[in-house]
Amino acid sequence: MIQPVSLSQTILRGLTCRCPRCGQGKLFSGFLTLRKRCDACDLDYAFIDTGDGPAIFIMMIAGAVVVFAALIVEVKYQPPFWVHAALWLPLILVTTLLPLRAMKSLLIALQFHHKAAPGRLVDRAPR
């Protein structure tokens, strides 16, 4: 029987891209491509639907970091535009692509931990 896990264990499993239930099996078969099921505990990953959540979180964080850094460099040094392109394009790639996989895995683990499900309409008696 699989024991319930704490929120900190769930977060660790998410950040390490492991199965949200057992923590042993790999979650991804490619960079962002999910496996069909866990190799260790046979959990079916069909319930997973992170949508655009990971990308939105990463874009907001990376955007704040890059814009803040670019403003500081512009105000302090006033470099030509080619310097901005040389500095910020690689930083944008690093701050968006590197954490994207871990963010997707973290949201999957939290979705599993909190037993998230699609919203349903509730029938109510008329007033």
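Q: Where is H114 placed?
A: H114 lies in the segment after α3. The model is a predicted one.

Q: Why is H114 called exposed?
A: Its relative accessibility is 53%. The exposed class takes values over 50%. H114 is therefore exposed.

Q: How far apart are the C-alpha atoms of H114 and L89?
A: They are separated by 37 Å. Along the chain, H114 and L89 are 25 residues apart.

Q: What separation do the C-alpha atoms of L91 and A69 have?
A: The C-alpha atoms of L91 and A69 are 9.9 Å apart. In sequence, 22 residues separate L91 from A69.

Q: Which helix holds L91, and why is L91 called partly exposed?
A: L91 belongs to helix α3. Its relative accessibility is 25%. Buried needs a value under 20%, and exposed needs one over 50%. L91 meets neither condition, so partly exposed is the label.

Q: In which helix is K104?
A: K104 is part of helix α3, which covers residues 81–113.

Q: How do you know that K104 has no salt bridge?
A: Look at the nearest side chain of opposite charge, which is D49. D49 is 8.3 Å away from K104. A salt bridge requires a side-chain nitrogen of Lys or Arg within 4 Å of a carboxyl oxygen of Asp or Glu. At 8.3 Å, D49 does not meet that limit, so K104 goes without a salt bridge. K104 is buried all the same.

Q: What does K104 touch, leaving aside residues up to four places away in sequence?
A: K104 contacts F28, L32, T50 and P54.

Q: How many salt bridges are counted?
A: The count is 2.

Q: What makes R35 and D39 a salt bridge?
A: Their side chains meet at 3.5 Å, N to O. The limit is 4 Å, so the pair qualifies.

Q: How do R35 and D39 rate for exposure, and why?
A: R35 has 25% relative accessibility. That value is neither under 20% nor over 50%, so R35 is partly exposed. D39 has a relative accessible area of 59%. That value is over 50%, so D39 is exposed.

Q: Why do R37 and D42 count as a salt bridge?
A: The N to O distance between their side chains is 3.3 Å. That value is within 4 Å, so the pair qualifies.

Q: Why are R37 and D42 called partly exposed?
A: R37 has a relative accessible area of 37%. D42 has 46% relative accessibility. The class lies between 20% and 50%, so R37 and D42 fall in it.

Q: Where does D42 sit, and what is its phi?
A: D42 is in the loop between α1 and α2. Phi of D42 is near 65 degrees, a positive value in a residue other than glycine.

Q: Where is C17, and what value does its phi take?
A: C17 is in the loop between α1 (7–15) and α2 (53–77). Phi of C17 is positive, near 60 degrees, and the residue is not glycine.

Q: What makes C17 buried?
A: C17 has 13% relative accessibility. Buried means under 20%, so C17 belongs to that class.

Q: How much space lies in the largest pocket, and which lining residues are closest to its centre?
A: The space comes to about 190 Å³. The lining has 10 residues, and the closest to the centre are Q3, P4, V5, F112 and K115.

Q: How does the lining of the largest pocket divide by class?
A: The lining has 5 nonpolar, 2 polar and 3 charged residues.

Note on methods
Residues are numbered from 1 along each chain as its sequence is written. This is a predicted model: local features need pLDDT of at least 70, side-chain atom pairs count only at pLDDT 80 or more; totals for chains, interfaces and linings use all residues. Side-chain values use heavy atoms; hydrogens and water are left out. Helices (H or I, at least four residues) and strands (E, at least two) are DSSP runs, numbered from the N terminus. Buried means under 20% relative accessible area, exposed over 50%, partly exposed in between (1.4 Å probe, protein chains only). Lys and Arg count as positive and Asp and Glu as negative; His and the chain ends are not counted. Contact means heavy atoms within 4.5 Å. On a 1 Å grid over the protein atoms alone, a cavity is a set of points where a 1.4 Å probe fits but cannot get out, and a pocket is an open set with protein on both sides within 12 Å along at least five of seven lines; lining residues have an atom within 4 Å of a point. Grid points are joined across faces, edges and corners, and a volume is the space filled by probe spheres set on the points. Ala, Val, Leu, Ile, Met, Phe, Trp, Tyr, Cys and Pro count as nonpolar, Asp, Glu, Lys and Arg as charged, and the others, Gly among them, as polar.
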